[in-house]
Amino acid sequence: MPETPTRPDQQHFFAQLDETPVGVVDSVDESAAPASVWKDAWHQLRRRPMFWVATLLIAVIVVVALFPQWFTSVDPKACDLSNSSLPPSAGHPFGFNFQGCDIYARTIYGARPSVTVGVLTTVVVVLIGAVVGAIAGFYGKWFDSILSRVTDIFFAIPFVLAAIVIMSVLYNQRGILTVVIVLGVFGWPQIARITRGAVLSVKNSDFVTAAKALGASRASTLVRHIMPNSAAPIIVYATVALGTFIVAEATLSFLGIGLPQSVVSWGGDISDAQRRLRANPVELFYPAAALALTVLSFIMMGDVVRDALDPKARKR
Amino acid sequence: MSHPTYEPIVDATGAVHAPHGGAPLLQVRDLQVEFMTNTGPVQAVRGANLTVYPGQSVAIVGESGSGKSTTAHAVIDLLPGTGKVTGGSIVFDGKDITHASAKEMVEVRGRQIGLVPQDPMSNLNPVWKIGFQVKEALKANGIATGKDADRRVAELLAEAGLPDAERRANQYPHEFSGGMRQRALIAIGLAARPKLLIADEPTSALDVTVQRVILDHLEGLTQQLGTAVLFITHDLGLAAERAEHLVVMYRGQVVESGPSRKILADPQHPYTQRLVAAAPSLASRRIQSAKERGVESTELLATTGGEGARRSDEVVKVENLTKVFQIRGNRPGQTTEFKAVDDVSFSIKRGTTTALVGESGSGKSTVANIVLNLLDPTEGKVYFDGTDLSTLDAKELFTFRRRVQPIFQNPYGSLDPMYSIYRTIEEPLRVHKVGDRKSREKRVRELLDMVALPASTMRRFPAELSGGQRQRIAIARALALEPEVIVCDEAVSALDVLVQAQILTLLNDLQAELGLSYLFITHDLAVVRQIADEVCVMKTGQVVEAATTDEVFDNPRQPYTRELLAAIPGARLEVFGEGIEDLPA
């Protein structure tokens, strides 16, 4: 066959080798630092100012909740009616409320029940939700059908409304543990659903089949392969949910059916203060601000964690 | 270089192109494209040159990440995300469009330059009828409106090779097969009669036989319309077969360009040389001559007959295998039966490779899963080393798992992203309680060495490795328990050609070394030629032809096998192959 005549600009061209070095096909970069999904997430988090702001706030809140006595020497329950509605003074930076209690001390001491309820409820919800969701997603069949219907039923009941009803029934057993249990009972279906979805999407991966083909048992596949790969959405949801549980506790306490009067709580104080909103607005301002800041910091944390862990945002 | 000549151009099919006054249609000079990433700018294309003449077909060839798609997308200003042209010029039809405004580019796109995108499954909007989407292209370019447009839509679809076009135009994308969708996309791409059609891996997602029909049709159509075509492809065989001019890209640079035949016959750049040597579609045609030269044959002999006249017993024997799936029917509670595997029998001799070849939906992967005992057959039996798999109890099954291991297609999905490489390879040893910590670590090192990866890979995670490296890890994991049979389910299909060649060589070496038997599931006959001893060709659940590899390739008995063989891109380059030998060295 004769050679096809070439047109201008289409002559046989090849680059000089020194300009285009051919690399070793598929070599490993041995000098790079090893990275895992979690390390990648950490690298991303580290560069977000919002992450550091949220971390700082949460750290402060947790320390306040654990050791309120470090921040004030005043007893929040030692109220003296002669101090009623007094403005700020030395040692009492926020002033006094109508009952003559130190607002600063009450705001500080109010952190503990809020954070306790938030953290414990989240732990309860994650434990129940993750276990139920994982079993439903992994083993499927009738258990999955039943679980899906049960979660549907729970979804149909407004979370706070249900808590109000149950808490009013348990009026005489009010306490931190009761609130945690009630919130937990109505809070887990969401996590169960998220876990189920995550497990379902991982369940059919080739690496799960590979584990099965090399003889790993079903349970160990679930624990060793599927759950670690489903953890990210659960963590993200849990961080955000922590904030909403604190709000729920404050709502219940505000309505007078959450924590009893004997426990110093932001929700209770806000409830007391609302009646005096016009006369002494600072009484409402400080517990409300503390509550808002706490919830905001957890939701902010959830937000940045989601950005770092969301598989869609993940590179490669 | 030589003076410009303006003789008539004769292409591969013998058709004569009148020289269009010698003016190029598209001229890309020193093109630079950059992407902004978290770690700063990354150069995706560095000084690429490219010329397309009116009516000519040009192909850009390269592996993933070589910048071939980026170059093409820069031409029509469709760079994704943070991509930006930072240097060079793009002249189209005598006009510099390098820094054309968005408005000017709208004029060029569709009307002057058409695009056939890569994935027919995701490039049609599922909520609009096909006809509407073709009409959109007509309207957007001001070609036709109203009744005229409807008539034109039917014409265009018919022209793209859709039978019963008028009725088809009223259907939704999900009612179309992959090949039909690709035809619809071609109709859209050519709707405004552009002077240049950019076809970005137009058929990579399709079965080979469909691919061939579509490409034949596209070729005929563009020749008839006088449209120039710029192919983007990873397949050198396909490129050489379909284009008269080739541009080979590697890591963002054009390493070689020139007439297709010249590049195939006489590649100058080491990368092109490697590519030509590794291209399975070309190699499969050449393996014969390589054998004659006695290079490949010794290797092949070592594989099949090594270790002193290997026992010729059948390590796996599959008898009358049938698998029926229950699929949800039209009405609730109703199920219909789908026969995925229909009376399949074959066997694998110890130390050899049996390939199951077929297009998507042929039931080959179902057979693989049954052999792996991950799926129970509806009827029929699988014997492993003489034992019926269906009679295994839990303990025997656990032992069976040690002896038969899989390697999957997608190296991105078959490794747990949360596991370090060490844990990944160690897992089978741990599950089967082989050795203690120390001996396991030693074994992991050995295995990494076996698949030619440094021991330092151990601390890494799958996300850091390339596709080929991950596939090596998957092989190492499969080898950890010293299995006798490895089921490779499309084990090299997702890899770039050079890496594919390396992995095939590795598998071949390991077979010779360890006396492994492979069940090799693939859609790619070209790959079969390189690795298999026996071939079973499957079609819609049945084995239509089973014979030794040489027999199937040299002497196919069934029309379907012949069709598959003919559809291998580059298979028709045989003419070139002979031509190559005629060329003076």
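Is B:Thr522 buried or exposed? Select the residue and see. This is a predicted model, and B:Thr522 is buried in it, with a relative accessible area of 1%. Buried means under 20%, so B:Thr522 qualifies.

**Stop 1: around B:Thr522**

Show the strand first. B:Thr522 belongs to β20 of chain B, which covers residues 517-522. Now display the side chain. From B:Thr522, the side chain reaches the backbone nitrogen of B:Asp524 at 3.0 Å.

Next, select the residues in contact with B:Thr522, leaving aside neighbours within four places in sequence. They are B:Leu356, B:Val357, B:Gly358, B:Lys364, B:Glu490, B:Ser493 and B:Val528. Keep B:Leu356 and B:Val357 highlighted, as both also appear at the next stop.

**Stop 2: strand β15**

Select residues 353-357 of chain B. This is strand β15, and five of its five residues are buried. Look at which way the residues point. B:Thr353, B:Ala355 and B:Val357 point one way from β15(B). B:Thr354 and B:Leu356 point the other way, and these are buried too.

Which strands pair with β15(B)? Add β20(B): the pairing with β15(B) is parallel, over five bridges. Then add strand β21 of chain B, residues 534-539. Four bridges join β21(B) to β15(B), again in parallel.

Use B:Leu356 as the marker. In β20(B), B:Ile521 stands opposite B:Leu356. In β21(B), B:Cys536 is the bridge partner of B:Leu356.

**Stop 3: an open sheet**

Move to another group of strands in chain B. Four strands make an open sheet, ordered β14-β13-β16-β17, with antiparallel pairing. Why do β14 and β17 of chain B each have one side without a neighbour in the sheet? Select β14 (335-349) and β17 (387-388): they stand at the edges, each with a single partner strand, so one side of each is left without a neighbour.

Zoom in on the β17(B) end. Strand β16 of chain B, residues 379-384, pairs with β17(B) over two antiparallel bridges. Pick B:Tyr383 and find its bridge partner in β17(B), B:Asp388.

Now bring in helix α13 of chain B, residues 364-371. This helix lies across β13 (314-328), β14 and β16 of chain B. Relative to β13(B), helix α13(B) runs at about 120°. B:Lys364, one of the contacts of B:Thr522, falls at the start of the α13(B) range.

**Stop 4: two crossing helices**

Select helix α10 of chain B, residues 270-278, and helix α18 of chain B, residues 497-514. Their axes come within 9 Å and cross at roughly 55°. That angle makes α10(B) oblique to α18(B). The crossing is left-handed.

Show the side chains where the helices meet. From α10(B), pick B:Tyr271, B:Arg274, B:Leu275 and B:Ala278. From α18(B), pick B:Val497, B:Leu498 and B:Ala501.

**Stop 5: all of chain B**

Zoom out. Chain B has 22 helices and 22 strands. Of its 585 residues, 54% count as buried. Consider contacts between residues at least 6 apart in sequence: in chain B, 69% of these join residues at least 24 apart.

**Stop 6: across to chain A**

Finish at A:Ala59, in helix α2 of chain A, residues 49-66. A:Ala59 is partly exposed, with a relative accessible area of 40%. Then select A:Ser265, which is 206 residues from A:Ala59 along the chain. The C-alpha atoms of A:Ala59 and A:Ser265 are separated by 19 Å.

Technical notes
Residues are numbered from 1 along each chain as its sequence is written. Chains are lettered from A and ligands numbered from 1 in the order in which they are written. This is a predicted model: local features need pLDDT of at least 70, side-chain atom pairs count only at pLDDT 80 or more; totals for chains, interfaces and linings use all residues. Side-chain values use heavy atoms; hydrogens and water are left out. Buried means under 20% relative accessible area, exposed over 50%, partly exposed in between (1.4 Å probe, protein chains only). A polar contact is a pair of N or O atoms within 3.5 Å; within protein, one must be able to donate a hydrogen and the other to accept it, and residues adjacent in sequence count only if both atoms are side-chain atoms. Contact means heavy atoms within 4.5 Å. Two strands pair if DSSP finds at least two bridges between them. Axes are lines fitted to C-alpha atoms, for helices over the stretch in contact, and angles run from 0 to 180 degrees between N-to-C directions. Angles under 35 degrees count as roughly parallel, over 145 as roughly antiparallel, 65 to 115 as roughly perpendicular and the rest as oblique. A crossing is left-handed if the near helix is turned anticlockwise from the far one by less than a right angle, and right-handed if clockwise.
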